[in-house]
Amino acid sequence: MVIGVLQLDLRLHGPQNLKQKRGVLQKLLTRCRNRFPASCAEVGHQDLWQRALLGFAVVSSSEQVLAPILSHIEDEILSSGEVDLIDAETDFIHF
């Protein structure tokens, strides 16, 4: 069993307050939950309205299956046009 973990550090364009930030993130996370077999959540920068740290996790039998899924998730988030990528980190945990 392999767990693929993707962490995206993002700068948000539009929000002027935390309520607007939550709306943008909710839309992005819902889109990813519907399109990919992944668990996802905001995992950091909750008190900053122009930054977000998103975490994604996917379980499979091999890295070769996980890598494209995590790559597609990153592409999906960036294609929204509502965020800029500051940093991305991908890890694979083997059991």
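**Figure 1. V5 is partly exposed, with a relative accessible area of 27%.** The value falls between the limits of 20% and 50%, so V5 is classed neither as buried nor as exposed. The close-up, like those that follow, is taken from a predicted model. V5 belongs to strand β1. When neighbours within four places in sequence are set aside, the contacts of V5 are with F56, L70, E89, T90, D91 and I93. How far from V5 does R31 lie, in sequence and in space? The two residues are separated by 26 positions along the chain, and their C-alpha atoms are 18 Å apart.

**Figure 2. A nonpolar patch on the surface is formed by M1, V59, I93 and F95.** Together, these four residues present about 450 Å² of accessible area. M1 is located in the segment that precedes β1 (2-12). The relative accessibility of M1 is 53%, and M1 therefore counts as exposed. I93, a member of this patch, is also one of the residues in contact with V5, which links this view to that of Figure 1.

**Figure 3. The residue H45 adopts a positive phi although it is not a glycine.** The angle is about 60°. Where in the chain does H45 lie? H45 is found in the loop that runs between β2 (39-44) and β3 (51-60). With a relative accessible area of 24%, H45 is partly exposed.

**Figure 4. K21 and E42 are joined by a salt bridge.** The closest N and O atoms of this pair are 2.9 Å apart. The bridge connects distant parts of the chain, since K21 is in helix α1 and E42 is in strand β2, with their positions 21 residues apart in sequence. Are the two partners buried or exposed? E42 has a relative accessible area of 18% and is therefore buried. K21 is likewise buried, at a relative accessible area of 0%.

**Figure 5. A salt bridge brings together the side chains of K27 and E82.** The N to O distance is 2.6 Å. This pair also links distant parts of the chain: K27 lies in helix α1, while E82 lies in the loop between α2 (63-79) and β4 (83-94), 55 residues apart. K27 is partly exposed, with a relative accessible area of 42%. E82 is partly exposed as well, with a value of 21%.

**Figure 6. R35 and E76 form a salt bridge, with the closest N and O atoms 2.8 Å apart.** Because E76 lies in helix α2 and R35 in helix α1, the pair ties together parts that are 41 residues apart in sequence. The partners fall into opposite accessibility classes: E76 is buried, at 13% relative accessible area, whereas R35 counts as exposed, at 55% relative accessibility. In addition to this pair, salt bridges with shared partners join K21, R22 and E42 into one network. By the rule applied, the number of salt bridges comes to six; those of K21 with E42, K27 with E82 and R35 with E76 are among them.

**Figure 7. The protein chain that frames the close-ups contains two helices and four strands.** In sequence order, these elements follow the pattern β-α-β-β-α-β. Why does the radius of gyration agree with that of a compact globule? A compact globule of 95 residues would have a radius of gyration near 12 Å, and the protein chain has 13 Å, so the two agree. The C-alpha trace spans about 40 × 20 × 15 Å along its principal axes. Buried residues account for 39% of the 95 residues. Of the contacts between residues at least 6 apart in sequence, 72% join residues at least 24 apart. The accessible surface of the chain amounts to about 5,300 Å², and carbon and sulfur atoms contribute 51% of it. The average pLDDT of the chain is 95, and 100% of the residues score at least 70. Confidence is highest in β1, at 98, and lowest in helix α1 (residues 18-35), at a mean of 95.

Technical notes
Residues numbered from 1 in each chain as written. Predicted model: local features only at pLDDT ≥ 70, side-chain atom pairs only at ≥ 80, totals over all residues. Heavy atoms only, no water. Patch = residues over 30% accessible without salt bridge, like charges linked within 9 Å, V, L, I, M, F, W, Y side chains within 5 Å. Areas by Shrake-Rupley, 256 points an atom, 1.4 Å probe, with all protein chains shown as cover. Buried < 20%, exposed > 50% of the residue type's maximum accessible area, 1.4 Å probe, protein only. Contact = heavy atoms within 4.5 Å. pLDDT = per-residue confidence, 0-100. Rg over C-alpha atoms; globule rule 2.2 N^0.38 Å.
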